[in-house]
Amino acid sequence: MGKSNGKEKRARELFAKEVQEEKANKGWEYNRNLLETSLDSLITIGPDGIITDVNSATEKATGLPREKIIGTCFSEYFTDPEKARAGYKQVFDVGKVVDYELYLKHINGSSIPVLYNASVYKDNEGQIIGVFAAARDISAIKKHENELIDFENNLESIVQQKTAELIITNKELAFQTGEKADRAAELIIADKELAFQTGEKADRAAELVIADKELAFQTGEKADRAAELVIANRELIHQNVEKDKRAAELIIANKELVFQNEEKEKRAAELDATIAAVPDGLLINGPSEEIVHMNEAAVRLFGSTAEPSRSPMAERVAIGQFETPDGRPMPRDEFPPYRALRGETVVAEVFVFRSPAFPAQRWLSISSAPIRGNDGSLLGAVTVLRDTTDLHKLLEEREDMVRMVSHDLRSPLTVVQGQAQVIERVLKRSNQDPRLQRSAETIVTSTKRMNAMIQDLVDMAQVESRQLDLKCAPMEMRAFLLDLRQRLAGVLDTQRIRVEMPEESPLVSADPDRLERVFTNLLSNALKYSPPETEVVVTAEIQHGEVTVSVTDSGAGIAREELSHLFERFYRAKGTRKAEGLGLGLYITKMLVEAMGGRIWVESEVGKGSTFSFALPTRADC
Ligand code: ADP
């Protein structure tokens, strides 16, 4: 079995080898056919660059038969032999080249572009024995490529040109756009400017109109001013002349002023001397009650120890104590200088002043008045203090005398009058000698007249001492007068008295005794100083809160120059001096009317008669 198996094996191996060789021969032929039918130029090159084989496509491409090509140098067939050499060396170095471009030369002098793809091939041991290179004719591609390149170049140049143009255009456009924007902005600004200018123009136009008017006005004004200037100039000339005059006058006025100042100083010195010499005390107060001046007499009155001027009045007043005549202490505010500083004028008010400076009380008649500036403002007060202590003593003495007269003289007179009336009645009853009867009548009349005169003196003393002690009551004038007329029937010729008063008249406040005295005086005068056959008419009028009573006679009347003296003490009119009376009746009447808050006056015409009127306030307190 072994021997037969070895033979069989070898036979199978030989057969296999033969099959293998047959197969290999058949493959080589097949491959050769493939190579020959290839359109691409195929070349094999040895390591020395010598061509070892080519196909028919290579023959066609070079125009040479393969016998001439094989054994020649590969690089000789290309337009750029160096590049061709570098190509096949690269294949030997790195094993292959892909799309290696070369230009294959034809023997007719032309050349075609080819792309070589080459790789090494090896023997069974793996040794590199050569390069197999396949070249593809890329003339058409190249042509297209060149055309493409041309086209591209062309396009590129067009693009570049267009781009350049575009850039320029773009720049131009951008520039123009910028310009446009600028123009637009400028237009907007210009528009605004235009609008503004239009507004400005309108304003200017309006201003021009105003300016025009103003100009017209100013022209008018100018003309006016010019005219005024002419006038002003004349005025100036006139004023200059006047100024010179004034200057001259001023010089005179200045001299006059100097003179007046000297005079003033003289007057002031005189005044000071006068004030100092005045026997009455003189006190001048500033607005804040401070004493600014006191004369010697005032200093003596208030004591000479303190500084006479610029001292508070309260200090001075405090030295002594003031009382009213009825013994009440005088409140500080009632001190006349204080009242004057409140704007009141005080006239001759009597006060009792007690001071350690005098052993006995002093009677002072004080008058005070406010001092006012030209504008009416209160600057102070001036007070005159008259020491009436001596006068007061005299008045007291007179009062004593009047008391004595009224009592001591009246008592025997009353006795005389009473006895004379008795004698008169006896003589009448026994129808005695008429001469004796007349004598008795005369004694009675004279005693009555003397009584009346004594009564006048007593009344005068009383009214002057202001100790009237009025007892006022509401009175109806007409009823009062009619009653009085009845009561006076035996004393006066009341038949002649006619009362013409309204039935009802307002009440007046009056002291009945004093009112009776007023009526008696006026009626007796009217009857006394008018013819017996004439009437005396009494009327009453109510107006302005007063009842005015008038007693009118148809007598001789009173001369105008005497009218103002009628109410003076002891005054008797010229034509009536022979008639009985002391000239005290009207004086006392006036004092009584005024004490009751009323007033009295007279109207008279010589040859026609007189009207004595007095007015009393209705229901006023007295
Ligand atoms: P008498 O007591 O002297 O009358 P009167 O004071 O009553 O004093 O009067 C003063 C003077 O006024 C009188 O003397 C008189 O001359 C004058 N007299 C007063 N009343 C009248 C009158 N009715 N008519 C004219 N004279 C008058």
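Reader: In this predicted model, what span should the 17 residues of helix 12 have at 1.5 Å a residue, and how far apart are its end C-alpha atoms?

Author: Helix 12 covers residues 512–528 of the predicted model. Because the expectation rests on 1.5 Å a residue, the 17 residues should span 24 Å, and this agrees with the separation of the end C-alpha atoms, which is 23 Å.

Reader: How many of the residues of helix 12 are buried, and which are they?

Author: Buried here means a relative accessible area under 20%, and by that cut-off helix 12 is mostly covered, with 12 of its 17 residues buried. The buried residues are R514, L515, R517, V518, F519, N521, L522, L523, S524, N525, A526 and L527.

Reader: Which residue caps the N-terminal end of helix 12, and at what distance?

Author: The cap is made by a side-chain oxygen that lies close to the backbone nitrogen of D513, and the residue that supplies this oxygen is D511, at 3.0 Å.

Reader: How does the end-to-end reach of helix 10 stand against the expected value, and which residue has a side-chain oxygen at its start?

Author: Helix 10 runs over residues 434–464 and has 31 residues, and its reach of 45 Å from first to last C-alpha is close to the 45 Å expected at 1.5 Å a residue. At the start of helix 10, the backbone nitrogen of R435 is reached to within 3.1 Å by a side-chain oxygen, and that oxygen belongs to D433.

Reader: In the open sheet of five strands, what is the order, and why is one side of strand 2 and of strand 3 left without a neighbour?

Author: The five strands of this open sheet pair in the antiparallel sense, in the order 2-1-5-4-3. Strand 2 (51–54) and strand 3 (96–105) stand at the edges, so each has one side without a neighbour in the sheet, because each has a single partner strand. From one strand to the next, the twist averages 30 degrees.

Reader: Which residue of strand 2 stands opposite I43?

Author: Strand 1, residues 41–45, is joined to strand 2 over three bridges in the antiparallel sense. Within this pairing, the residue of strand 2 that stands opposite I43 is V54.

Reader: Which strands does helix 4 lie across, and what is its angle to strand 3?

Author: Helix 4, residues 81–94, lies across strand 1, strand 3, strand 4 (111–122) and strand 5 (128–137). Its direction relative to strand 3 is given by an angle of about 160 degrees.

Reader: How many bridges join strand 16 to strand 14 and to strand 17, and which residue in the turn has a positive phi?

Author: Strand 16 (residues 536–543) runs parallel to strand 14 (residues 497–500), with four bridges between them, and V538 is the bridge partner of V499. Strand 17 (residues 546–552) runs antiparallel to strand 16 and is joined to it by seven bridges, with I542 opposite V547. Strands 16 and 17 form a hairpin with two residues between them, and the residue in the turn with a positive phi, about 50 degrees, is H544.

Reader: Is E323 buried or exposed, and which side chain makes a polar contact with its side chain?

Author: E323 is found in strand 9 (residues 321–323), and its relative accessible area of 11% makes it buried. Leaving out residues up to four places away in sequence, E323 touches R328, P329, M330, F351, V352 and R354. The side-chain polar contact, at 3.0 Å, is with R354.

Reader: Is R339 buried or exposed, and with which residue does its side chain share a polar contact?

Author: R339 has its place in helix 8 (residues 336–341) and is buried, with a relative accessible area of 11%. Its contacts beyond four places in sequence are D333, E334, E344, V346 and E349. The polar contact of 2.9 Å joins the side chain of R339 to that of E344.

Conventions: Residues numbered from 1 in each chain as written. Predicted model: local features only at pLDDT ≥ 70, side-chain atom pairs only at ≥ 80, totals over all residues. Heavy atoms only, no water. Pairing = 2+ DSSP bridges. Axes fitted to C-alpha atoms, helices over the stretch in contact; angles between N-to-C directions. Contact = heavy atoms within 4.5 Å. Expected span 1.5 Å × (residues − 1). Polar contact = N/O pair within 3.5 Å; in protein donor to acceptor, adjacent residues only side chain to side chain. Buried < 20%, exposed > 50% of the residue type's maximum accessible area, 1.4 Å probe, protein only.
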